[in-house]
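Below are my notes on the chain, as numbered points. Please read them alongside the coordinates.

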Amino acid sequence: MYRMIYRSRSVEPLNWEIVRSITSVSERNNAAAGLTGILLASRSHFMQAIEGNFEDVNAVFRRICRDERHSDLSIVGFSIIDARLFGGWGMRGIGAFDFNKQIEQAMKEKYGEEEGGIHFPLEEWQALAMINDIKMMRELPEWKK
Ligand SMILES: Cc1cc2nc3c(=O)[nH]c(=O)nc-3n(C[C@H](O)[C@H](O)[C@H](O)COP(=O)(O)O)c2cc1C
């Protein structure tokens with residue numbers, strides 16, 4: 001099994017409506033392909049982790065690359081994994097633009113800022129650390145199942 005992580009720039013400022021429109025289609029497609037993952041959205045950028053078989057991860061990534069809702073895709077990681085981090089989540093959307101002020105400030109201090117929001121990492125270990133931080137938070141909107 002593989003986990004791909006990439007980041008990209010949104011062509012328009014992100015909000016829940018856009019995130020939900022992506023995750024609702026993704027949930028359906030990904031469940032059918034045995035893919036799981038998480039989609040983080042700051043005001044200006046996406047960061048996504050996708051887990052599954054080599055062919056399935058690549059197939060969805062090729063589709064995602066062609067999507068005109070974002071640009072400037074950078075692969076942050078592509079690794080062989082033993083176990084999923086996001087089992088059960090076809091594609092969980094996280095609005096990093098919607099964190100409470102205290103959490104947002106703490107994340108900015110730890111990971112930096114870009115365009116007024118939290119900076120999504122360019123290195124895989126930092127991306128996983130950020131995802132882990134977010135997983136540890138209980139009060140996130142959209143996080144509760
Ligand atoms: C940031 C971002 C993440 C996406 N993630 C997924 C995903 O995980 N799975 C998926 O099927 N589509 C995802 N999409 C949507 C695809 O780009 C595409 O619109 C969708 O799969 C439908 O493709 P089709 O019209 O070729 O069937 C994502 C789009 C964006 C902009």
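1. Status and overall dimensions. This is a predicted model. The C-alpha trace of the chain spans about 40 × 30 × 30 Å along its principal axes. For 145 residues, a compact globule would have a radius of gyration near 15 Å, and the chain, at 14 Å, agrees with that. Of the 145 residues in the chain, 49% are buried, where buried means under 20% relative accessible area.

2. Secondary structure. The chain has 4 helices and 7 strands. Read from the N terminus, the order of elements is β-α-β-β-α-β-β-α-β-β-α.

3. Helix H4, length. H4 covers residues 124-136, which is 13 residues. At 1.5 Å a residue the helix should span 18 Å, and its end C-alpha atoms are 18 Å apart, so expectation and model agree.

4. Helix H4, sidedness. Which residues of H4 are buried? They are Ala127, Met130, Ile131, Asp133 and Ile134. Because these residues cover an arc of only 155 degrees around the axis, they lie on the same side of H4. The face turned away from that buried side carries the exposed residues Trp125 and Met136. Note that the buried set includes Asp133, while a tryptophan and a methionine, Trp125 and Met136, are exposed on the face turned away.

5. Surface patch. Phe54, Ile75 and Phe78 form a nonpolar patch on the surface. Together the three residues have about 280 Å² of accessible area. Phe78 is placed in strand E4, residues 70-80. Is Phe78 exposed or only partly exposed? Its relative accessible area is 33%, so Phe78 counts as partly exposed; the class lies between the cut-offs of 20% and 50%. Patch members need over 30% relative accessible area, a condition that Phe78 meets with its 33%.

6. Backbone at Asp72. Strand E4 also holds Asp72. Asp72 has a positive phi of about 55 degrees, although it is not a glycine. With a relative accessible area of 55%, Asp72 is exposed, since exposed means over 50%.

7. Backbone at Glu115. A positive phi also appears at Glu115, at about 50 degrees, and this residue is not a glycine either. Where is Glu115 found? Glu115 is in the loop between strand E6 (113-114) and strand E7 (117-118). For a check of backbone torsions, the two residues to look up are thus Asp72, in strand E4, and Glu115, in the E6 to E7 loop.

Note on methods: Residues are numbered from 1 along each chain as its sequence is written. This is a predicted model: local features need pLDDT of at least 70, side-chain atom pairs count only at pLDDT 80 or more; totals for chains, interfaces and linings use all residues. Side-chain values use heavy atoms; hydrogens and water are left out. Patches are made of residues with over 30% relative accessible area and no salt bridge: like charges are joined within 9 Å, nonpolar side chains (Val, Leu, Ile, Met, Phe, Trp, Tyr) within 5 Å. Accessible areas come from the Shrake-Rupley method with a 1.4 Å probe; for residues, only the protein chains shown count as cover. A salt bridge is a side-chain nitrogen of Lys or Arg within 4 Å of a carboxyl oxygen of Asp or Glu. Buried means under 20% relative accessible area, exposed over 50%, partly exposed in between (1.4 Å probe, protein chains only). The expected span of a helix is 1.5 Å times one less than its number of residues. The arc is that of the directions from the helix axis to the C-beta atoms. The radius of gyration is taken over C-alpha atoms; the globule rule is 2.2 Å times the number of residues to the power 0.38.
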